Each structure stands twice: as structure tokens, then as C-alpha cells.
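Me: Please take a close look at the interior of this model. Cover burial, cysteines, cavities and ring pairs, and give the cut-offs as you go.

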Amino acid sequence: MRNVSSSVCASLRRVHPAKAFPLTEYISKIIDDEASKMQEAHKQLESQFLVKTTFTVSSIADGVASVEKTLIEIRDGVRTLLEGRSVEAAHHVHVLARLPGCPEVLNGRTSDLIKYVRLLCGAVPARIVINGPGGIGKTSLAKALLYREEVVAVFGDHRFFISVEGVIDMEGAIAQLAKQLGVQHPTDPLSASISFLMSLPRVLLVIDNLETLWFSKDDSAQTGTAQLFRRLKDITSLTLIVTCRSGTTPDGIIWSNESSAELRPISLDAAYDTFVTLSRPPETTAEEASLKDLLRAVDCVPLAVTLLARLAKLPGKSPSSLLKQWHSEHTKMMAKTSDRSREFNVEVSIQVSLDLLASTGADEEAEQLLFVCALLPDGLRPEVFEKMSDSFKNISGAKDLLLTFALVSLGRDGELLMLSPVRHFVLSQFPATSTDQSTSSHLVVLRKIYFRIAATAPQDHSEDFTSRATAFAPEYGNLSSYLLHLIDREEPSKELFDAVIAASEYSYLTCPSAALLDALRPRLDAHSRWLARCLGQIGRIRLKRCEYALCMESLIQARVLDEELGDVDDQIWCACLLAQSLDACGRSEDAEQELLAAQALLSKSERSPWKYLVHRNLGWIYLAREEYEAATDHLVTEKDECLRTGQRLYAAQCSQQLGKIAVRQGRLPAAELDIQLALSEFEALGSLLGAGQCFADLGEIKYLQSDLESAATLFARAEVTLASMGDPHSLARCHRWLGKVYRDQGRKKDALDKFDAARILYESIDSTYTRNDAEYCSQEIAKLKA
């Protein structure tokens, strides 16, 4: 029985966690197969023992029957797990607990609800965008739609909500997506998330505050957002709701409500009902008139109405007193700006709330806690709240005050959250200086907490990468946002620099982004060593993203500084990265010279990994030039040395390249063996980039062996893996090969789509090789259309 259980568990472990939803039949087959084996063994034993003896047959039969009964119980238990009684096995169900709460009050939106429910529940999956200024109620409407009875009937458990408020790069957005879907795959969360969404028969996804990414100053965030939406639109079972302040959204999606996406303020009657529901009815006719004047003043914008209604519940407050205070604050704020928008009226209402908070006689702790919450877009999590409690006299009292004034709300996990308009206003009105932070004990504590969190970020693909990434990922968004805040306001310090490098290294390993490094770089002119390291890391990330011109610009600047500082190790590192970039641009001779120069410096280096890096890269260059004997010599020598010294990642890369050489030489069985070996190592080390490339290599081998079905499966798996890794060249290669497979299978439309996707990616890469690849794709498209 123990062997049977081990067999079942081993089979389960082979399954990608993102594929948990459709596993019932798969696991049932495993159990049935094991049961069949046991029954066959039973028959054989019985026939043998009937000849030799009879006294043990009954006990053997009883034992086998017991085992078979246990197998049935295991199968039923697994089905139970997959039906939602276990978070670990059926993560798709537990996300109901992650949905935001349904708005308690949503007056004046009946017609909007009816319109969107009709679209959401139609036969064709809808793509809905809700536009409008901050505070107009976009998020509340989207949340309410998730809970409509008709929507629940159609989508059931498969309703998801993510907010990208405060996210600074695609890594943060992907982490949010994986978290809300309940996907447990820290090394490749986007691939797991896309696979999971594709496995569902009908699914509804809400993406809130899209403007945070789409209008980011970081070009990679915009590019990543566009790529994400291209992938989402291809999920035929996906119904999408997007909220965004602007009417401009990523190209390629046809919105079901394009002509009516702008959300308008609610009516005066609806605003009045909202105010009275949240507060109390006016006591006199004069107060009723004042209330209506107040609602008109704020243009019936729901957030402003809600904030003022909460204030009206305070002792001594009435519509007339609030109207007077609102006009006074409005006049003061108008003197500082020419803004007359609805968002400005919301900001006036927020300021009135802050003024009244100060007038309650409470100490500054509530205001300081409010600022802390504004620094953390994903919410002040209970663990961090608890660690900060010692720096407050009464942190629970401060929290209760903020909840009373509706300036924060509680999330599903107990985190303190702020609505986007409130958060942005608080940050604009209370920009803490470095002096403030050094004297404010709670901000000093917050700083220490997040620097400690940064120190836990995984820095390499070691064997504990998965567990460390799982623990770190939930705070990545808060950490990135907080570090950007500090970069903008503090003089660089070693602690800040180390935190930024740690966060960027985690990003490099998962979804490469240079956002934090780009923000820090202008502040490092007086710190040459830090600047050199920063530029080198930026170049490394740009290389992984195939941004070769930007990569070389950063690396050349870094190397100049390294030479001035006499840092031999970093000179070698820069030379290796430069060589890879030059080779990708078709300048293999220049790349070779860089590596030979680096080789000459090895005797002065104390870091042995650089030797492997130099010789491995030389092997790659000789491979690209079809100098297979020289390439093989370098790669075999370095692989043996890497295995001897425990450099498993480098050894796996050497195996992969040896497999590529065997493909070029037509030795396909040997190639498959080398690449399978590399794949096993990459997977063991958590290197999803290496694994994705190996899937593509194996797909190429299957194509050359005319096994189109296997090739299609492998290339599709490579696509899913590589899409989140920030390597457009490898992803374009998968698209191109899938185009060839679909072409040969007679799937004309699919082939056109893949060749076009590959062409777009190739044209986005500044490389001689990719220009030729783009031209090839264009020619194939023309042939298919002819």
C-alpha cells in the first residue's frame, strides 16, 4: 500500500500547479490503473496458491480487497480536494475569500448594473471598460457586478478581482494576479495564472486602476501591460472588466461598451439617499436645503458624498456646518490651483475630513498612521501592523479613527486599505522629508521593517528559491512602492541601495524590471561604486529584455567606472554581458574580443564563477558561427569543471548548448538527451527561463522528427513559460515555430496568428538576426494569405 501511495503522490507532484482544476479525470485514471494492477496481482496469486495451498488465499484476498478499498477512498478524497475542500489542491475555489466586499450602498447605478449584467451574462464573453475620474464610483460598480445574482449564476466560483493601485512594474501586477487567483507558483506566476484562466470554462476577471500601469513613466510597464492584454484577449472563455481613469487603453481589445464607457455622477436624489443612508436625515427644511446645496457643490460624486456623510455623524456636525466648512476649504484650495474638475471637488471633501480628524483632539498618531497606509498600496498587512505597534501609543485607537472617518477600510485579510483618490491626495499633502523620517519613530520602524523584508528577497536559483519567493512575493508591491518613495526623498544610503539591488535581483529572476534602478541612478553621481553596480544591473536586465542598445549603453558606462575603481571582477562581468549583447546584434567578432579581453583579466580575479561565464559565452559565440568543434571543446571542458565545483546552473546551460550543437549536426537523439538533462536541472533550480528555452529546443527536435503533435505541445508549453520571463527573443522563437507547425498541420488561421505575433516581437528587438527572422515571418504570412 505504501508503494501505491508513493506512486500516486509522485504522479501528483509531476503536475503543474496551475493545472489543478482539470485533474479529476487524470488522477482517477492513475488510481484506476493502480487498482487494475492490484486486481491482476490478486488473480495471479490466487491461481498460484490454489495449486500449492489454500490456507493463505483468504487472507491474501482480504488484504488485496482492503488495499482496493483504500485506493477507492484515495480517489474519492482527491476528488474532494479538487472540489474545493483543500486550498492547496483546489486553489481556484478559495479565491472567493479574496474577493473584495460588495458595496453596502450603491444608489443611482441601477441602469449601469442592468446594462453591464446583460453584457456579462451574454453568450459571447464581454470585454468591458469603465472610465471616469477618481471617486466617481468605478471600483464600487465593478465590485457590485461581481455579486449580482445573474453574474454568480454564470461564473460561480470563477470571479476574480485584482487592483494594480500603486504597482510600479509588471512584476507587481503579475504578483497581484497570481495572489488573487490563488496560484502557488512563485518562480513563474504569470504562466501559472494564464494556464489556470485557460483551464476554466467561463471566468470573470476585474482589473482595477489600470491607469497605474498604463500611464507609468516606466516604458517596460507600458510594454508589459500591452503584452498582458494581448494574452488575455486570446483566452476565449475570459470575460474582462477594466476600470481606468482615462479612456485610453491597450490596443487590440474590442470593448463591448466602447460607446458608453464613461461613468457619470449619480443623480441628486441618489446622492441624497446615499447621504441619508450613511448618516441621518436632515432635521429641518433648512438643513435639507443645505444638504442638497452640499451635494450639488460636490457634483454628486459618490466618494465625496460618502466622506461627507460619515462626517455628518460626528457630534455637532450638520449639513449646513459641513457646507460652510466645505466652501471655506474650497476657497483656500482654489487659490492654489486652477483645477475645477470633479476630482478637485473630491479632494476638497478629503481635506475637510482631514481637518475634522485633527479637530477631534486626537493626537497626531491617526494622521501618521494614515500616511503610513498611503505608502503601502497593497495595504498595511496585519504582520507589519503588529510590528509597528510598539512605536505607537495607541495604534488600535488610531486605526479605529481612520475607519470611522472612512479614510481607510479593512481588506479581507485584515489589511488597512485606502481608495486611490484618498491615497494620492494624502501623499501629495504630506510628503515626508528625510528629517521627518529620522524624528518620527513609527516611520523609522516602517523603514527598518521593509529593509528587512528586502533582505529576504531570493537572489539566485538555489534549491530554496521557491519557498523564499513564496514568503517574499506578497510584500513585493508594497516594498517597490515604498522604495520609490524613499528614493525620491532621501539621500542614498547603503541600506537603501542594498534594498533596491535586492528587489531588482528578485525582479530579474522572475519578471525583469529596471524601474527601481532607473529611479535610483540619477541620485548616485556622488557614489561611483554604487553607480557602477546600478548601471551593470540595469544593463543585465536590459539584456534579458533584448533591449540591446540600452543594455550596451549602461554596460559601457558601468565598465568605465569599474576601470577607474580598479574593480576587476565587475569589469569581467560587464565584458561577458556586453559580449552577449554584441553577439545578439550580429557582431560576433566584437563579442569574441570582449570575452578574450575578459579572459586576460581572469588571473587577477578571485571569483571562480567568472571563469565559467567567460568560457561558456565563448562556446555560445562559436556555436553561433557554426564552429562546432571549438564550441564543443569549450562547453565540454566548462561543463565538467562546473559539475566538479557544484556550479549546477552553468553546467545545465552548457548541456543545453551541447544539445543545440547536436541538433545542428543532425544528431537528434543525442541532442534530446542533452537538453532533457539541462531541463531537469533548470526545473530543479527553479530557472523558468532555462526550462522554457529547453521546451522550445525539444519542440524543434520533435518538429525535425516530423512529430508535429508533440512539437506543438512543447512549443505551447514554452510559450506559457517564457511569456512572463521578459525574454521576447525566446518567446518570438516559440511563436515562429508554432506558426510552422500549424502551417504544416493545415491550421491556416492559427499559423497566421503565430507568425504575426512572432513578427511583431522580432521587429521590437534591435538585432540583425531578428530583422531576418521578422522578414521570414512576413514572407510566411504572405504565402498563407495568397
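**A look inside**

Reply: Ser730 is buried, at a relative accessible area of 10% (buried means under 20%, exposed over 50%, partly exposed in between, with a 1.4 Å probe on protein chains only). The model is predicted, so local features need pLDDT of at least 70, side-chain atom pairs need 80 or more, and totals for chains, interfaces and linings use all residues. Numbering starts from 1 along each chain as its sequence is written, and side-chain values use heavy atoms, without hydrogens or water.

Ser730 belongs to helix H37, residues 728-744 (helices are DSSP runs of H or I with at least four residues, numbered from the N terminus). What does Ser730 touch, leaving aside neighbours within four places in sequence? Its contacts are Gln693 and Leu722 (heavy atoms within 4.5 Å).

Helix H37 also carries Trp737. Now the rings. Nine aromatic pairs turn up in a search of the whole structure (ring centres of Phe, Tyr and Trp, the last by its six-membered ring, within 6.5 Å; planes under 30 degrees apart are stacked, over 60 edge-to-face, the rest tilted). Phe497 and Trp530 make one stacked pair, with 5.3 Å from centre to centre and 15° between the planes. Phe497 sits in helix H25 (494-510) and Trp530 in helix H27 (528-544), so this pair ties together parts 33 residues apart in sequence. Phe497 is buried, at 6% relative accessibility.

Phe715 and Trp737 are another stacked pair. Their centres are 5.7 Å apart, and their planes meet at 15°. This pair links distant parts of the chain: Phe715 lies in helix H36 (708-722), Trp737 in H37, 22 residues apart. Both rings belong to buried residues, Phe715 and Trp737. Elsewhere, ring pairs join Phe472, Tyr476 and Tyr506 into a cluster.

Next, the cysteines. How many disulfides does the structure hold? Zero (the test is a pair of cysteine sulfur atoms within 2.5 Å). Take Cys576. Its closest cysteine sulfur is in Cys574, and the 9.5 Å between the two sulfurs is too far for a bond. Cys576 counts as buried, at 0% relative accessibility. Cys534 is buried as well, with a relative accessible area of 0%.

Last, the empty space. Rolling a probe the size of a water molecule over the atoms shows where such space is left. The structure has two cavities of 30 Å³ or more (sets of points on a 1 Å grid over the protein atoms alone where a 1.4 Å probe fits but cannot get out; lining residues have an atom within 4 Å of a point). Volume is the space filled by probe spheres set on the points, which are joined across faces, edges and corners.

The largest cavity holds about 60 Å³. Its lining includes Ile162, Val164, Met170, Thr225 and Phe229. Helix H8 (170-181) and helix H11 (219-233) are the elements that give two or more residues to this lining. H8 gives the most, with four residues. By class, the lining of the largest cavity has 11 nonpolar residues, one polar and no charged (Ala, Val, Leu, Ile, Met, Phe, Trp, Tyr, Cys and Pro are nonpolar; Asp, Glu, Lys and Arg charged; the others, Gly among them, polar).

The second largest cavity holds about 30 Å³. Glu165, Cys373, Leu376, Pro377, Leu417, Met418 and Arg423 line it. Here the lining of the second largest cavity splits into five nonpolar, no polar and two charged residues.

How values were computed
1 Å grid on protein atoms, 1.4 Å probe; cavity = no way out; pocket = protein on both sides within 12 Å on 5 of 7 lines; lining within 4 Å.
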